[in-house]
Amino acid sequence: MGGNTLGVLGSDVKVGLSDGTKIAYANLDYAASAPCLREVADVVGELLPYYASVHRGAGALSQLCTEKYERARESVTTFLGCRPDDEVVFTRNTTDALNLLAHVVPPGTVVVTFEGEHHANLLPWNEVVRLSAPSSPEEAVSAVAEALTGLGSGRPILLAVTGASNVTGEVWPLAELAATAHRFGARIAVDAAQLAPHRRIDITALDLDYVAFSGHKLYAPFGTGVLAGRADWLDGARPYLAGGGATAHVGDAPGQVDWATGAARHEAGSPNVIGAVALAAACDTLAAADLDTIQSEEDTLMTRLHDGLAEIPAVRVLGAGGRWPDRLGIVSFTVDGVETRTVSTRLAAEFGIGVRDGLFCAHPFTRRLLEQAGTTAPTAVRASIGIGTTEDHVDRLITGIRTIAGS
């Protein structure tokens, strides 16, 4: 994309085609993992010679890395607009973060979620009310209100929703959902894995209770995620992992343990210092960027992609009938008469394009969308865009799909 100044690694990588030639790689798989921002790679490269374990070390490098690690937490706090008393816990990824939240919710908590969730937000919960995927933001809000009315009061309730679908790109009405949840005394947790790389998230302004996201989707592919939000449930539960770093004091007898409070309570073991610093660099870079321009460019590319696919008779776009005014650059589709694995393989071998095929770790939702699209295909193809995507990438995909469809 041309209007912003950010760049990603790999934009000049060439890949071999089946005819023996090479072509610049067209990465259209951002929804799975985004490439590394150049700014992030620079920060990581600068730190690597000084790498050491954090906390409790007296050596100069340990002290330096400890400072970098805790500053990384501050960067994430600022990036998310956290409240002063919120906790930011580093995890491995969004799945790990949401499993941590599932671990700390009070006993008897009822979780309300939708069938359209990624498995990371569909599977960790114990007592679940699962709602049908809505066809519009208004329907999502009304479905939550109806479900919470039926649950009544007397025990903890958590509404766990996506910020944006990893199958259709639909952006969810988080402020309205938060207000509805709080009206019924419930809390709200947001899987922001897809949303965070493309939209600003402000926990305070949106009045969210918990947010989870991954570095590898935020242009920091170094194995770190985050759970950010209210401290009381986190401090009231046993540590997610028992081990060094999560303790304030360990006695001589079994069970004589005083656990730490704050983020350390759930960060036992040596943490991923490089991942945390990389994630912070991505947060700082995106916070300083002109996200309005980036979003505008992504919207233009998405319209180009949708319009191009719509002109191909054999293509069926999933969720095309939904009434969602805001969508990220994610589109899932099928090609009549061609298996999705064949589509993705041919795009790679003949056009140098990387896409995803399958059910995208959202099996119930994707199967429902396939049924609604009137196709018998058991899986779909997904193309997704981000910083580094160009008009050539989009046009090449459309040309490739036309060729594969025989149009």
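**A covered strand and a small set of cavities**

Q: In this predicted model, how many of the residues of strand β5 (residues 110-114) are buried?
A: Buried here means under 20% relative accessible area. By that cut-off strand β5 is mostly covered. The count of buried residues is 5 of 5.

Q: Which residues of β5 sit on the side opposite V110, V112 and F114, and are they buried or exposed?
A: In a regular strand, side chains alternate between the two faces of the sheet. In β5, V110, V112 and F114 share one side, and both faces are covered. The other side holds V111 and T113, and they are buried.

Q: Which residue in β6 stands opposite F114?
A: Let's start with the pairing: β5 and strand β6 (residues 127-131) run parallel, joined by 5 bridges. Within β6, the residue opposite F114 is L131.

Q: What is the bridge partner of V110 in β7?
A: β5 also pairs with strand β7 (residues 157-162), in the parallel sense, over 3 bridges. For V110, the partner in β7 is I157.

Q: What is the volume of the largest cavity?
A: Now for the empty spaces. The model has 3 cavities of 30 Å³ or more. The largest cavity has a volume of about 70 Å³.

Q: How many residues lining the largest cavity are charged?
A: The lining includes Y30, A31, H198, K217 and S384. Lys counts as charged, while Tyr and Ala count as nonpolar. Sorted this way, the lining has 8 nonpolar residues and 3 polar ones, and the charged count is 1.

Terms used: Residues numbered from 1 in each chain as written. Predicted model: local features only at pLDDT ≥ 70, side-chain atom pairs only at ≥ 80, totals over all residues. Heavy atoms only, no water. 1 Å grid on protein atoms, 1.4 Å probe; cavity = no way out; pocket = protein on both sides within 12 Å on 5 of 7 lines; lining within 4 Å. Points joined across faces, edges and corners; volume = space filled by probe spheres on them. Buried < 20%, exposed > 50% of the residue type's maximum accessible area, 1.4 Å probe, protein only. Helix = DSSP H or I, 4+ residues; strand = E, 2+ residues; numbered from the N terminus. Pairing = 2+ DSSP bridges.
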